[in-house]
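Visitor: I'd like a close look at just one part of this model, the sheet. Could you walk me through how its strands are arranged and what packs on them?

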Amino acid sequence: MKILIIEDDLEAAAYLAKAFREAGIVSDHASDGESGLFMASENSYDVLVIDRMLPRRDGLSVISELRRKGIHTPVLILSALGQVDDRVTGLRAGGDDYLPKPYAFNELLARVEVLGRRKGAPEQDMVYRVGDLELDRLSHTVRRQGRELLLQPREFRLLEYLMKNAGQVVTRTMLLENVWDYHFDPQTNVIDVHVSRLRAKIEKDFDQPLLRTVRGAGYMIKEDGRTDA
């Protein structure tokens, strides 16, 4: 994966570049909006990580201009402005995800990985499969070993998002934003309750566990079983 980091804080940019490199992700860097717009327009990237407050051209303006040019590379916005209205403004400007500062790098990495997968057009997949579990987005059905499993609408949406990102850690914040449409943490156990119910439905009476809890990070669905870590 190759990404572009548009960040005017040189120390922060150097830290991100090093951390991404250690995670196996190649990155380029632009230190202002105009340079970032040029690089994003002239080169091919899997994901753009854009700071909102930039010299010469602000981050939202960069995103809007890229979209106007027909460049739809997934964009993750980084910003110290973390209120709900700020996030909504960023997403409406053309951003695909929004992460307030300060943030944990693991959270940033997980979001970048998800956006990188999106560029490969996963939306075109009508059927998701993980092991012997199959989710059909068109017929809205879920089967395991050929047996239909009955899920509630929210459980289906939760499973769909997990399977769309199979093999990747999905954080609680990502689930709140993409499954519940919350851009804030309601401070409830709604995720735990739904994951528990979903796990019971897709794993009961089956030998192979699929839904893994990654302690301190989130959840992952994968074929080779569950070991809480």
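Guide: Sure, and keep in mind that this is a predicted model. Let's start with one residue pair: Asp51 has Leu78 of β4 as its bridge partner. That pair takes us to the strands themselves, since β3 (residues 47-51) and β4 (residues 75-79) run parallel to each other and are joined over 4 bridges.

Now zoom out. The sheet is an open one made of 5 strands, and reading across you get β2-β1-β3-β4-β5, with parallel pairing. The edges belong to β2 (26-30) and β5 (97-100); each of them has a single partner strand, so one of its sides has no neighbour in the sheet. Going from one strand to the next, the twist averages 20 degrees.

Next, the helices that sit on the sheet. Helix α2 (residues 33-42) packs there and touches β1 (2-6), β2 and β3. Compare its direction with that of β2 and you get an angle of about 140 degrees. Helix α3 (residues 59-68) also packs on the sheet, where its contacts are β1, β3 and β4. For α3, the angle to the direction of β3 is about 145 degrees. So β1 and β3 turn up in the contacts of α2 and again in those of α3.

Definitions and conventions: Residues numbered from 1 in each chain as written. Predicted model: local features only at pLDDT ≥ 70, side-chain atom pairs only at ≥ 80, totals over all residues. Heavy atoms only, no water. Pairing = 2+ DSSP bridges. Helix = DSSP H or I, 4+ residues; strand = E, 2+ residues; numbered from the N terminus. Axes fitted to C-alpha atoms, helices over the stretch in contact; angles between N-to-C directions. Contact = heavy atoms within 4.5 Å.
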